[in-house]
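Let's take a walk through a protein and the DNA it sits with. Have a look at the picture first, and then we'll go piece by piece.

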There are 2 protein chains.
Amino acid sequence: MSDQLALENQVCFPIYALAREIVNHYRPFLDELDITYPQYLVLLVLWKETELAVGQLGERVFLDTGTLTPLLKRMQQKELVSRQRSTQDERIVMVSLTPKGIKLKEQACSIPQKLMESMQVTPEELNLLKEVVCRILNKQK
Amino acid sequence: MSDQLALENQVCFPIYALAREIVNHYRPFLDELDITYPQYLVLLVLWKETELAVGQLGERVFLDTGTLTPLLKRMQQKELVSRQRSTQDERIVMVSLTPKGIKLKEQACSIPQKLMESMQVTPEELNLLKEVVCRILNKQK
DNA sequence: TAAAATTATATTGCACACAATATAATTTAC
DNA sequence: GTAAATTATATTGTGTGCAATATAATTTTA
């Protein structure tokens with residue numbers, strides 16, 4: 001009869017710990033680009049979409065405006081993105097990449113490879129992990 | 001040839017998202033005990049160990065003193081833990097549970113079950129997930 | 001069509017998370 | 001035995017995360 005309330009028996013704790021470990025592994029590579037991990041996530045979306053409302057961006061990266069608004073302002077200060085209210089609907093703020101933001105993709109392209117090496121994971125482990133994690137994540141809706 | 005720099009091709013992003021989703025699922029249950037998720041992790045350790053130095057606690061939950069010191073002070077204010085410098089070595093601060101902190105375990109024992117139901121995961125999924133995550137986590141040392 | 005409801009973003013407040021630095025106590029090396 | 005190095009915790013500063021609330025614009029409804 002094992003103790004449910006023991007750290008070593010928790011499933012969520014390793015996920016929580018791994019998530020932070022991942023961000024820490026990204027850090028040196030992202031430092032070179034002067035961005036943080038959540039900012040990198042925003043860039044990953046914008047490199048595909050060019051222009052998106054704050055709310056749509058939030059749906060993609062699972063972050064709300066309380067997190068995104070100040071984050072986007074910091075990215076604006078670094079001249080990576082521009083923010084401007086839609087003229088059609090003035091409630092909406094459209095976010096788009098600046099030339100500097102677009103150009104950053106060139107420096108970022110080697111990051112996925114570097115990260116995998118840094119974390120010493122095999123593609124097989126990654127795929128298995130992604131499959132299980134996404135299956136659970138999709139249940140949350 | 002798929003784009004490595006696409007959010008849907010990232011493995012780390014789902015883990016990052018799932019970790020936050022987990023904390024959000026814990027929130028309503030932990031709110032009842034007036035604690036946060038990292039505070040819950042500290043309690044999980046202390047319910048086993050009774051007394052531990054700040055540094056040892058940090059090794060268990062993978063948090064450094066910049067996070068732990070203020071967190072423990074908040075727990076002290078809520079009278080869940082006590083902190084006192086070791087007389088043997090005055091650099092060391094020993095953390096232990098107060099009677100209130102010990103008693104909280106009774107209210108916490110139902111949380112693991114509640115969480116699993118809340119997240120709609122099967123024990124099989126959990127075990128598979130834990131195995132893969134821990135394998136990768138252990139590589140980081 | 002004007003009040004009510006909804007929508008989109010912003011603000012505030014609190015609690016992490018972590019790098020960098022500081023401080024104080026203990027060990028070590030000479 | 002004392003200066004230097006190490007160890008343990010604390011502090012500071014920046015950047016998330018997220019709940020709760022605010023604000024302003026648009027849409028719905030009576």
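Helices (H or I, at least four residues) and strands (E, at least two) are DSSP runs, and they get their numbers starting from the N terminus. Keep in mind that what you see is a predicted model.

**One chain at a time**

With those terms in hand, chain A is easy to read: it has 7 helices and 3 strands. Going along the sequence, the order in chain A is α-α-β-α-α-β-β-α-α-α. Put a box around the C-alpha atoms of chain A, along the principal axes, and it comes out at roughly 65 × 30 × 25 Å.

There's a database label to go with this. An unreviewed UniProt entry carries the annotation "domain: HTH marR-type" for residues 8-138 of chain A. That span is 69% helix and 10% strand, and its end C-alpha atoms are 26 Å apart.

**Where the two chains meet**

Now for the partner. How many residues does each chain bring to the contact? Chain A brings 58 residues and chain B brings 57 residues. Together they bury about 5,500 Å², and carbon and sulfur atoms give 71% of that area. On the chain A side, Leu5(A), Ile15(A) and Tyr16(A) lose the most area to chain B, together accounting for 13% of what that side buries.

Charges and polar atoms play a part here too. Side chains of opposite charge can pair when their charged atoms come close. Between chain A and chain B the count is 8 salt bridges, while the structure holds 16 salt bridges over all chains. One example is Lys139(B) with Glu125(A), where the closest N and O atoms are 2.7 Å apart. Lys139(B) is in helix α7 (residues 123-140) of chain B and Glu125(A) is in helix α7 of chain A, so this pair joins two chains. Another salt bridge links Asp3(A) to Lys105(B), with the closest N and O atoms 3.7 Å apart. Across the interface of chain A and chain B there are also 15 residue pairs in polar contact.

Which parts of chain A do the touching? The elements that each supply at least two residues to the side facing chain B include α1 (12-32), α5 (99-108), α6 (111-119) and α7 (123-140). The most comes from α1(A), with 14 residues. By type, the residues on this side of chain A divide into 39 nonpolar, 8 polar and 11 charged.

**Around DNA strand D**

On to the DNA. DNA strand D is surrounded by 30 residues, and the closest are Thr36(A), Gln39(A), Tyr16(B), Thr69(B) and Lys73(B). Of the atoms of DNA strand D that come within 4 Å of the protein, sugar and phosphate account for 76%.

Both chains help to make this surface. From chain A, α2 (37-49) and α4 (65-77) each supply at least two residues, and so do α1 (12-32), α3 (54-61), α4 (65-77) and β2 (81-85) of chain B. The residues near DNA strand D divide into 9 nonpolar, 10 polar and 11 charged.

**Around DNA strand C**

What about the other strand? Again 30 residues surround DNA strand C, and here the closest are Tyr16(A), Thr69(A), Lys73(A), Thr36(B) and Gln39(B). Sugar and phosphate account for 78% of the DNA strand C atoms that come within 4 Å of the protein. In chain A, α1, α3, α4 and β2 (81-85) each give at least two residues to this surface, as do α2 (37-49) and α4 of chain B. The split by type near DNA strand C is 9 nonpolar, 10 polar and 11 charged.

**Some contacts up close**

Here are individual contacts with the DNA, side by side.

| Protein atom | DNA atom | Distance |
|---|---|---|
| Thr65(B), polar side-chain atom | DNA strand D, base nitrogen | 3.1 Å |
| Lys73(B), side-chain N or O atom | DNA strand D, phosphate oxygen | 2.6 Å |
| Arg91(B), side-chain N or O atom | DNA strand D, base oxygen | 3.0 Å |
| Val54(A), polar backbone atom | DNA strand C, phosphate oxygen | 3.3 Å |
| Val93(A), backbone N or O atom | DNA strand C, phosphate oxygen | 3.2 Å |
| Gly66(B), backbone N or O atom | DNA strand C, base nitrogen | 3.2 Å |

Try finding Lys73(B) in the picture: besides its contact with a phosphate oxygen, Lys73(B) is among the closest residues to DNA strand D.

Methods:
Residues numbered from 1 in each chain as written. Chains lettered and ligands numbered in written order. Predicted model: local features only at pLDDT ≥ 70, side-chain atom pairs only at ≥ 80, totals over all residues. Heavy atoms only, no water. Near = heavy atom within 4 Å. Polar contact = N/O pair within 3.5 Å; in protein donor to acceptor, adjacent residues only side chain to side chain. Nonpolar A, V, L, I, M, F, W, Y, C, P; charged D, E, K, R; others polar. UniProt positions renumbered as here; feature names shortened; annotations may be inferred. Contact = heavy atoms within 4.5 Å. Buried area = accessible area lost by both parts, 1.4 Å probe. Salt bridge = Lys/Arg side-chain N within 4 Å of Asp/Glu carboxyl O.
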